[in-house]
Amino acid sequence: MVAEVKTLRVGDPLDPTTDVGTLIDEAAAKRVEQWVAEAIASRQGWCRSELLRTKGDVVLGLAASGARHDADALYGEALAIAREQGVLSLELRVAISLARLRAVEGRGDEGRALLRSVYDRFSEG
């Protein structure tokens, strides 16, 4: 059994060659959706970017039809909010998620360019 487990490919749940993906279910998706709704309703805008990014990750983890498109839209909104708020650390977190998606889509160069554009604006750490 150990030998068989070692042959399993861990990775993106949307990649057909992946044997073991993320462990995200409908309950997790609903919980994140609730958090986003609560943040909007209570005007907790400071965390909206991160919640949308997390929701994008959950959408991808569910691997439903259209997941990449939906996650891309969520990441785009999260990136715009982080930029509008001027929170570089949140922008980097979104850029990392978006770069992962671009890599899966075969657009790794685009993802790396986005990461570089954000990373290069850090002056410390």
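**A guided tour from helix 5 to the core**

Glutamate 91, the starting point of this tour, is found in helix 5. The model on the screen is predicted. Select glutamate 91 and display the side chains around this residue. Is glutamate 91 buried or exposed? Its relative accessibility is 2%, and glutamate 91 therefore counts as buried, the limit being under 20%. Next, show its partners beyond four places in sequence: glutamate 91 is in contact with Leu79, Ala82, Arg83, Val118 and Arg121.

**The whole chain**

Zoom out and colour by secondary structure. The protein contains 6 helices and 0 strands, and along the sequence the pattern reads α-α-α-α-α-α. Switch to a surface display: about 8000 Å² is exposed, and carbon and sulfur atoms supply 56% of that area. Of the 125 residues in the protein, 34% are buried. With contacts drawn between residues at least 6 apart in sequence, 48% of them join residues at least 24 apart.

**Helix 3**

Select residues 48–62, which form helix 3. This helix has 15 residues and reaches 21 Å from its first C-alpha to its last, close to the 21 Å expected at 1.5 Å a residue. How many residues of helix 3 are buried? The count is 11 of 15, and the helix is thus mostly covered. To see them, highlight Ser49, Glu50, Leu51, Leu52, Arg53, Lys55, Gly56, Val58, Val59, Leu60 and Gly61. Then bring in the surroundings: the cover over these buried residues includes helix 2 (26–41), helix 4 (67–85) and helix 5 (88–104). Just after helix 3, stop at alanine 63, where phi is positive, at about 55 degrees.

**Two stops beside and within helix 3**

Select serine 49, which lies in helix 3. Serine 49 counts as buried because its relative accessibility is 0%. Leaving out residues up to four places away in sequence, serine 49 touches Ala78, Ile81, Ala82, Leu90 and Val94. Ala82 also appears among the contacts of glutamate 91, the opening stop.

Now move to alanine 29, whose place is in helix 2. Alanine 29 counts as buried because its relative accessibility is 16%. Beyond four places in sequence, alanine 29 touches Val58 and Leu62. For a distance check, draw a line between the C-alpha atoms of alanine 29 and glycine 61: the two residues are 32 apart in sequence and 9.1 Å apart in space.

**The largest nonpolar core**

In soluble globular proteins, nonpolar side chains tend to be buried together. In this model, the largest nonpolar core has 24 residues. Which members should be selected to find those that touch the most other members? They are Leu52, Leu60, Tyr75, Leu98 and Leu114. Colour the core by helix: helix 2, helix 3, helix 4, helix 5 and helix 6 (108–119) each supply at least two of its residues. Helix 4 gives the largest share, 7 residues.

Finish at tyrosine 75, one of the core members just named. Not counting residues up to four places away in sequence, tyrosine 75 touches Arg53, Gly56, Asp57, Leu60, Val94, Ser97, Leu98 and Leu101. Among these, Arg53, Gly56 and Leu60 belong to the buried residues of helix 3, and Val94 is also a contact of serine 49.

How values were computed. Residues are numbered from 1 along each chain as its sequence is written. This is a predicted model: local features need pLDDT of at least 70, side-chain atom pairs count only at pLDDT 80 or more; totals for chains, interfaces and linings use all residues. Side-chain values use heavy atoms; hydrogens and water are left out. Helices (H or I, at least four residues) and strands (E, at least two) are DSSP runs, numbered from the N terminus. The expected span of a helix is 1.5 Å times one less than its number of residues. Buried means under 20% relative accessible area, exposed over 50%, partly exposed in between (1.4 Å probe, protein chains only). Contact means heavy atoms within 4.5 Å. A nonpolar core is a set of buried Ala, Val, Leu, Ile, Met, Phe, Trp, Tyr and Cys residues joined through side-chain atoms within 4.5 Å. Accessible areas come from the Shrake-Rupley method with a 1.4 Å probe; for residues, only the protein chains shown count as cover.
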